[in-house]
Amino acid sequence: MLFNSIEFAVFLPIVFLLYWFVFAKNLKIQNLFIVIASYVFYGWWDWRFLFLMAFTSICSWGSGLLIEKFKSTPKKAKAVSVLNIVINLLVLGIFKYYDFFVGSFADLFLGGKKDGLLLNIILPVGISFYTFQALSYSIDIYRGKMKPTRDVIQFFAFVSFFPQLVAGPIERATNLLPQFAKQRKFDYDLAVDGMRQILWGLFKKMVVADNCAVYVDKVFPNFASQTGSTLALGIVLFAVQLYCDFSGYSDIAIGTSKLFGIRLMRNFNNPYFATSFADYWKRNHISLTTWFMDYVYYPMIGISDKLAYWNFCMIATFLLSGLWHGAGWTFVLWGLYQGVFIVISMNSAKGRKRFEKEHGLKNNKLYEWASRIVTFLIICIGLILFRAESLSQAWGYFCGIFRSGLFSIPWLDSRSYYIPVLLSIAVLFVVEWLQRNNEHAFDLRSVKSHVVKFGIYYLMIAVLFWFGGHAESFIYFQF
């Protein structure tokens with residue numbers, strides 16, 4: 001069920017009304033209702049994979065109890081923790097990575113013969129997200145950061161909470177699980193703010209991302225016949241599409257959660273305003289970045305104080321992050337690209353600060369915007385790998401940018417299509433720049449006039465209906 005679908009527009013108010021007006025008096029029943037609603041939401045896509053999510057939930061919940069039981073015998077506790085990690089990653093590996101690794105092996109050593117070797121199974125939507133969320137629970141219990149819950153309904157609600165089920169944010173049990181353990185009261189101001197954030201998320205998805213997709217989806221498959229300027233514009237629009245598609249989902253998820261009295265972590269903090277590559281990854285897909293840092297990078301470096309080893313671990317972490325995004329060599333190289341550039345960015349930080357101090361550039365606005373532009377261009381080049389269907393297409397697209405026509409007018413379907421897209425992008429970044437210090441870009445609490453507020457609301461709704469593209473699936477559903 002898509003957030004930008006008629007089905008969800010019917011589903012959400014029904015769940016909201018039952019949640020607050022029928023089941024609010026009994027916490028356990030209210031949590032059970034959330035679990036049922038979440039399973040309906042997920043099963044709308046394919047009910048068979050509900051058993052997979054339930055299996056992941058049971059394994060992680062049970063392992064948490066066993067780890068606590070064996071805390072006086074660390075070896076047993078560690079064995080349970082490792083077993084749960086192996087089981088969850090094995091399930092993820094079979095569904096997401098088996099065909100990739102077996103197919104790659106066949107290409108290298110069997111002459112490409114894959115008959116009978118591949119499973120050709122459907123990738124369950126959101127499996128990477130809820131698997132990582134469930135894993136963080138048992139790992140945090142093993143580390144002593146939290147106590148396990150004995151309430152299986154609370155835990156199932158934590159794993160399956162429908163607003164962030166299929167594309168995050170990847171929540172930590174230390175933040176989300178306690179919210180299901182206490183009675184919730186309807187907060188009008190929080191709900192209104194949630195509706196505003198939903199509206200802004202729909203604008204980013206339906207007006208900006210889906211319209212950018214029209215151009216991008218025509219340019220990439222036909223890159224060989226396009227001018228350099230067309231390809232350059234194509235990758236810039238894909239960068240905007242990807243950001244608006246995913247951050248739009250996050251805004252809708254966080255806003256929807258507020259309707260139910262649940263607060264989720266912020267997942268994006270204006271990443272394209274970053275002034276360095278390291279700064280970019282502090283702002284972009286924050287829930288995944290911090291997950292990899294806490295559960296992969298820091299355990300890898302341990303107590304080592306060697307910079308070279310830290311750099312290696314950082315590159316390895318982002319390499320795994322690339323593989324998390326997709327089972328393909330393009331994603332592996334994209335992850336490697338991210339790791340290399342973040343290491344360069346981190347290791348050059350002191351030199352940049354010294355350069356800025358020596359030349360009086362610390363608060364120079366022109367210098368800051370130049371840094372943002374350079375950072376954005378580095379991001380865009382890497383996204384060629386993210387969007388391309390093969391390494392050969394990625395290389396051909398990259399080389400094509402620098403062929404003839406780089407400074408010509410990009411190919412356009414029609415001026416009537418092109419202008420609204422660029423106008424919507426301009427509105428997006430102007431609003432987000434002006435609201436960069438707020439929790440989200442559509443935070444209108446400082447606007448006192450109700451007339452102005454409702455005028456903005458109605459204008460936004462009209463824009464959604466008038467300029468909204470086709471109801472495209474969210475890009476990160478495939479991860």
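Which side chain meets E68 in a salt bridge? The side chain of K147 does, with N and O 3.3 Å apart. The views below show this pair and other details of a predicted model.

**View 1. The salt bridge of E68 and K147 links distant parts of the chain.**
E68 belongs to helix α3, which covers residues 50-69. K147 sits in the loop between α6 (127-142) and α7, 79 residues apart from E68. The two ends of the bridge also differ in cover: E68 counts as buried because its relative accessibility is 19%, while K147 counts as exposed because its relative accessibility is 56%. The structure as a whole holds 17 salt bridges.

**View 2. D251 and K204 form a salt bridge.**
The closest N and O atoms of D251 and K204 are 2.7 Å apart. This pair, too, links distant parts of the chain, with the two positions 47 residues apart in the numbering. D251 lies in helix α10 (residues 228-259), and K204 lies in helix α9 (residues 188-219). Are D251 and K204 buried or exposed? Both residues are buried.

**View 3. R445 and D443 meet in a salt bridge through their side chains.**
The distance from N to O in this bridge is 2.6 Å. R445 has a relative accessible area of 47%, so this residue is partly exposed. D443 has a relative accessible area of 5%, so this residue is buried. Elsewhere, D193, R196, K258 and E439 are joined into one network by salt bridges that share partners.

**View 4. R172 lies in a loop and reaches a backbone oxygen.**
The loop that holds R172 runs between α7 (152-160) and α8 (173-180). With a relative accessible area of 13%, R172 is buried. Which residue offers the backbone oxygen that the side chain of R172 reaches? That oxygen belongs to T290, at 3.1 Å. Leaving aside residues up to four places away in sequence, R172 touches S136, F158, L177, S287, T290, W291, D294 and Y295. T290 therefore appears both as a contact of R172 and as the residue whose backbone oxygen the side chain reaches, under a contact limit of 4.5 Å between heavy atoms.

**View 5. The peptide bond from G168 to P169 is cis.**
Omega for this bond is near 5°. P169 is placed in the loop between α7 and α8. R172, the subject of the previous view, is in the loop between these helices as well.

**View 6. N120 and N270 have positive phi values.**
Phi of N120 is near 50°, and N120 is a residue other than glycine. The loop between α5 (98-109) and α6 contains N120. At 61% relative accessibility, N120 counts as exposed. Phi of N270 is likewise near 50°. N270 is found in the loop between α10 and α11 (277-283). Is N270 buried or exposed? N270 counts as buried, because its relative accessibility is 8%.

**View 7. C244 and C399 are cysteines outside any disulfide.**
How many disulfides does a search of the whole structure find? The search finds zero. For C244, the nearest cysteine sulfur is that of C212, 6.7 Å away. C244 counts as buried, at 0% relative accessibility. Why does C399 make no bond with the closest cysteine sulfur? That sulfur, in C380, is 17 Å from the sulfur of C399, which is too far for a bond. A disulfide is counted when two cysteine sulfur atoms are within 2.5 Å. C399 has a relative accessible area of 33% and is therefore partly exposed.

**View 8. Seven residues make a nonpolar surface patch.**
I6, V10, I14, L17, L18, F21 and V22 make this patch, with an area of about 700 Å². V10, one of these residues, lies in helix α1, which covers residues 6-21. At 46% relative accessibility, V10 counts as partly exposed.

Notes. Residues are numbered from 1 along each chain as its sequence is written. This is a predicted model: local features need pLDDT of at least 70, side-chain atom pairs count only at pLDDT 80 or more; totals for chains, interfaces and linings use all residues. Side-chain values use heavy atoms; hydrogens and water are left out. Patches are made of residues with over 30% relative accessible area and no salt bridge: like charges are joined within 9 Å, nonpolar side chains (Val, Leu, Ile, Met, Phe, Trp, Tyr) within 5 Å. Accessible areas come from the Shrake-Rupley method with a 1.4 Å probe; for residues, only the protein chains shown count as cover. A salt bridge is a side-chain nitrogen of Lys or Arg within 4 Å of a carboxyl oxygen of Asp or Glu. Helices (H or I, at least four residues) and strands (E, at least two) are DSSP runs, numbered from the N terminus. Buried means under 20% relative accessible area, exposed over 50%, partly exposed in between (1.4 Å probe, protein chains only). A polar contact is a pair of N or O atoms within 3.5 Å; within protein, one must be able to donate a hydrogen and the other to accept it, and residues adjacent in sequence count only if both atoms are side-chain atoms.
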